[in-house]
Amino acid sequence: MMPYYGYGYGFHFDPTYILVLIGAVLSILASAKVNSTYARYSRVRSRTGMTGAQAAERILYQAGIRDVKVEHVRGNLTDHYDPSSKTVRLSDATYDSPSVAAVGVAAHECGHVLQHYQGYAPLKIRSALVPAANFGSRLGMPLILIGVLMGMNQTLVSIGIWVFSLAVLFQIVTLPVEFNASNRAVQILDRQGILAGEEVGQCRKVLSAAALTYVAAAAASVLQLLRLVMLFGGRGRNDD
């Protein structure tokens with residue numbers, strides 16, 4: 001049995017690393033895009049002067065949702081909706097800021113609230129996948145490594161790949177959830193007059209840039225899974 005190092009390529013450069021490199025480049029580009037876009041529109045004050053927190057509270061009130069709190073959380077772009085405690089948590093850059101970017105991010109999180117209350121199917125699926133995704137992200141690669149160190153134990157390696165694929169599935173299911181929340185946010189902000197005119201388009205740019213980070217994360221995960229399958233998927237059969 002050939003050693004793992006450079007499987008199929010001896011000790012030379014493994015060309016499947018190109019897949020990892022592509023994933024890394026996509027993630028870097030997406031991160032740079034969201035940071036630059038957010039920074040640009042975080043300097044544009046909305047005409048209404050509403051802060052992210054005020055916009056979130058208004059959106060929830062207009063939707064008839066009275067049992068979801070809006071709270072401040074430390075950090076930069078750490079905004080999220082916690083369905084377990086029914087809390088929208090807005091970061092330092094969002095909570096007290098009246099910028100177009102802050103209002104857009106706050107509305108996006110309220111989009112997740114509406115998904116939750118309306119039983120949006122992809123959100124239900126994503127929530128159900130959380131335990132499996134956490135399991136896969138923590139144990140997938142270690143199982144593969146252990147299988148390799150045990151003399152290429154194909155059974156253990158295959159289990160590791162399947163477990164890792166759960167984390168990849170979670171990333172893929174996340175995409176429609178995030179895109180839908182952003183679409184809801186833009187429509188609500190426009191309809192309620194919280195943003196108007198060119199502000200709506202600016203908000204859409206911020207949320208579209210943020211969505212690219214999820215697309216990049218999903219693509220990187222898929223590429224990593226593809227690499228693992230290319231390296232180990234047919235190993236057992238080839239080594240017979």
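Me: What pattern of helices and strands does the protein follow along the sequence?

Reply: In this predicted model, the order read along the sequence is α-α-β-β-β-α-α-α-α-α-α. In total there are eight helices and three strands. The C-alpha atoms fill a box of roughly 70 × 35 × 25 Å along the principal axes.

Me: What makes β1 and β3 paired strands, and in which sense do they run?

Reply: Pairing requires at least two bridges between two strands. β1 and β3 have four bridges, in the parallel sense. One of the partnerships sets V70 against V88 in β3.

Me: How do you know that β2 and β3 pair, and in which direction do they run?

Reply: The threshold is again at least two bridges, and three join β2 to β3, residues 87–90, with the strands antiparallel. H80 is placed opposite R89 in β3. The two strands form a hairpin with four residues between them, and K86 in the turn has a positive phi of about 50°.

Me: Why are β1 and β2 called edge strands?

Reply: The open sheet has the order β1-β3-β2 and mixed pairing. β1 (69–72) and β2 (80–82) each have a single partner strand, so one side of each lacks a neighbour in the sheet. From one strand to the next, the twist averages 25°.

Me: Which helices lie against the sheet, and which strands do they meet?

Reply: Helix α2, residues 52–62, lies across β1 and β3 and runs at about 170° to β1. Because angles are taken between N-to-C directions on a scale from 0 to 180 degrees, the value of about 170° places α2 and β1 in nearly opposite directions. Helix α4, residues 100–118, packs on the sheet and touches β2 and β3, its direction making about 30° with that of β2.

Me: What describes the crossing of α4 and α7, and which residues meet there?

Reply: The axes of α4 and α7 (residues 198–232) come within 9 Å and cross at roughly 65°. The crossing is right-handed. From α4, the residues V100, A101, G104, V105 and H108 meet E199, Q202, C203, V206 and L207 of α7. These contact residues divide into six nonpolar, three polar and one charged. Since Glu counts as charged, E199 in α7 is the charged residue of this contact.

Me: What makes R66 a charge over the ring of Y61?

Reply: For an arginine, CZ must be within 6 Å of the ring centre and within 35 degrees of the ring normal. R66 lies over the face of Y61 at 4.1 Å from the ring centre, so the distance meets the limit of 6 Å. R227 lies over the face of Y17, at 4.2 Å from the ring centre, so this distance also meets that limit.

Me: How many aromatic pairs does a search of the whole structure find?

Reply: The search finds zero. Hence no two ring centres of Phe, Tyr or Trp are counted within the 6.5 Å required for a pair.

How values were computed:
Residues are numbered from 1 along each chain as its sequence is written. This is a predicted model: local features need pLDDT of at least 70, side-chain atom pairs count only at pLDDT 80 or more; totals for chains, interfaces and linings use all residues. Side-chain values use heavy atoms; hydrogens and water are left out. Contact means heavy atoms within 4.5 Å. Rings of Phe, Tyr and Trp (its six-membered ring) pair if their centres lie within 6.5 Å; planes under 30 degrees apart count as stacked, over 60 as edge-to-face and the rest as tilted. A crossing is left-handed if the near helix is turned anticlockwise from the far one by less than a right angle, and right-handed if clockwise.
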